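Reader: I'm new to looking at protein structures. Could you walk me through how to read one?

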Amino acid sequence: MAKGLGKGINALFPGESLTTNETVEQIHVKSIKPNPYQPRKVFDEEAIEELSDSIREHGILQPIIVRKIGTFYEIVAGERRFRAAKLVGLDEIPAIVRNLTDEETMELAILENLQREDLTPIEEAEAYNKLMDNLKITQEQLAFRLGKSRSHIANHIRLLSLPEKVRQLITDGKLSMGHGRTLLGLRKKEQIPLVAERVLKEGLNVRQLERLVQHLNEDVPRETKKKEKKDLFLQEHESSLRDYFGTNVNIKKSKNKGKIEIEFFSEEDLERILELLND
């Protein structure tokens, strides 16, 4: 992790002390600019209004963190407090001024949002991707640093391979992360946008979508092949394995033996699945 990152994190939350030679300054709102590395693309307006009500009554209890760029100050952490303060109409807000590089600023912005756990699945995936690219680390190393499972990191990052239109539907809350992961199980990737539209039109939940994807992958007309009814026990385990691996899983069982098929769609996808199997 970049030098100086740890001290930045320590000042993000209430109750933490300032580092050596740091003070809280009152900075004019018009001199503050948003963080260009902010991973959050969507801000909950209702939450901002609630925060502004609290600021109106109690003031800003926790300073934001900024860095000086020329004659302006750029937000490192605390953009929601900044937005709420502007909504209230404050002229000045308390801030801690830090001397940070672009790299450190990006890392702090991402880590603050990840620790608050209120990013959309796509924003979270993009944040993981940026951290890995910036720090030159693997999914496993990132998972260890953040205290998350490797499968959690991998399943989020896979969402970035969805078409842009479908990623936006997830960001907007019209599709869930489970929908997105299930859509990635389609063998014919060009079908993803059309199937996503069908999910919205018919209001399909994740389990219903899983059955649809399985049918489309089999690509066998219903009138030419009668589908055997699978044991409910096997269906439940297939569903659990699909959630874990983020791809289509099929359990085939005969009298005394059987096999588990885990689909992958590229060398990168295979590597991801092998890493999960090694956990």
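Author: Sure, and let's start with a bit of vocabulary. Ala, Val, Leu, Ile, Met, Phe, Trp, Tyr, Cys and Pro count as nonpolar, Asp, Glu, Lys and Arg count as charged, and the others, Gly among them, count as polar. Also keep in mind that this is a predicted model.

Reader: Okay, let's use those classes. How many residues of each class line the largest cavity?

Author: Its lining has two nonpolar, six polar and four charged residues. The charged ones include R181 and D243, and V206 is one of the nonpolar ones. G178 and T182 are among the polar ones.

Reader: How many cavities are there of 30 Å³ or more, in the whole structure?

Author: A search of the whole structure turns up three. The largest holds about 130 Å³ of space.

Reader: Which elements give two or more residues to the lining of the largest cavity?

Author: Those are α9 (177-183), α11 (206-218) and α12 (232-245). Looking at domains instead, domain 2 (163-219) and domain 3 (232-278) each supply at least three residues to that lining.

Reader: Now the sheet. What is the order of the strands?

Author: It's an open sheet of five strands, ordered β1-β5-β3-β4-β2, and the pairing is mixed. β1 (24-28) and β2 (32-33) are at the edges with a single partner strand each, so one side of each has no neighbour in the sheet.

Reader: How do I read the pairing, say for β3 and β5: parallel or antiparallel?

Author: Look at which way the strands run. β3 (residues 64-69) and β5 (residues 92-98) run parallel and are joined by four bridges. Going along β3, I64 stands opposite A95 in β5, and V66 stands opposite V97.

Reader: And where does I65 find its bridge partner?

Author: In β4, where A77 is the partner of I65. Here's the general idea: in a regular strand, side chains alternate between the two faces of the sheet. β3 and β4 pair in the antiparallel sense, over five bridges. Together they form a hairpin with two residues between them, and G70 in the turn has a positive phi of about 65 degrees.

Reader: Which strands does helix α3 lie across?

Author: Helix α3 (residues 79-88) lies across β2, β3, β4 (72-77) and β5. With respect to β4, α3 runs at about 125 degrees.

Technical notes. Residues numbered from 1 in each chain as written. Predicted model: local features only at pLDDT ≥ 70, side-chain atom pairs only at ≥ 80, totals over all residues. Heavy atoms only, no water. Pairing = 2+ DSSP bridges. Contact = heavy atoms within 4.5 Å. Axes fitted to C-alpha atoms, helices over the stretch in contact; angles between N-to-C directions. 1 Å grid on protein atoms, 1.4 Å probe; cavity = no way out; pocket = protein on both sides within 12 Å on 5 of 7 lines; lining within 4 Å. Points joined across faces, edges and corners; volume = space filled by probe spheres on them. Domains from an automatic or database assignment.
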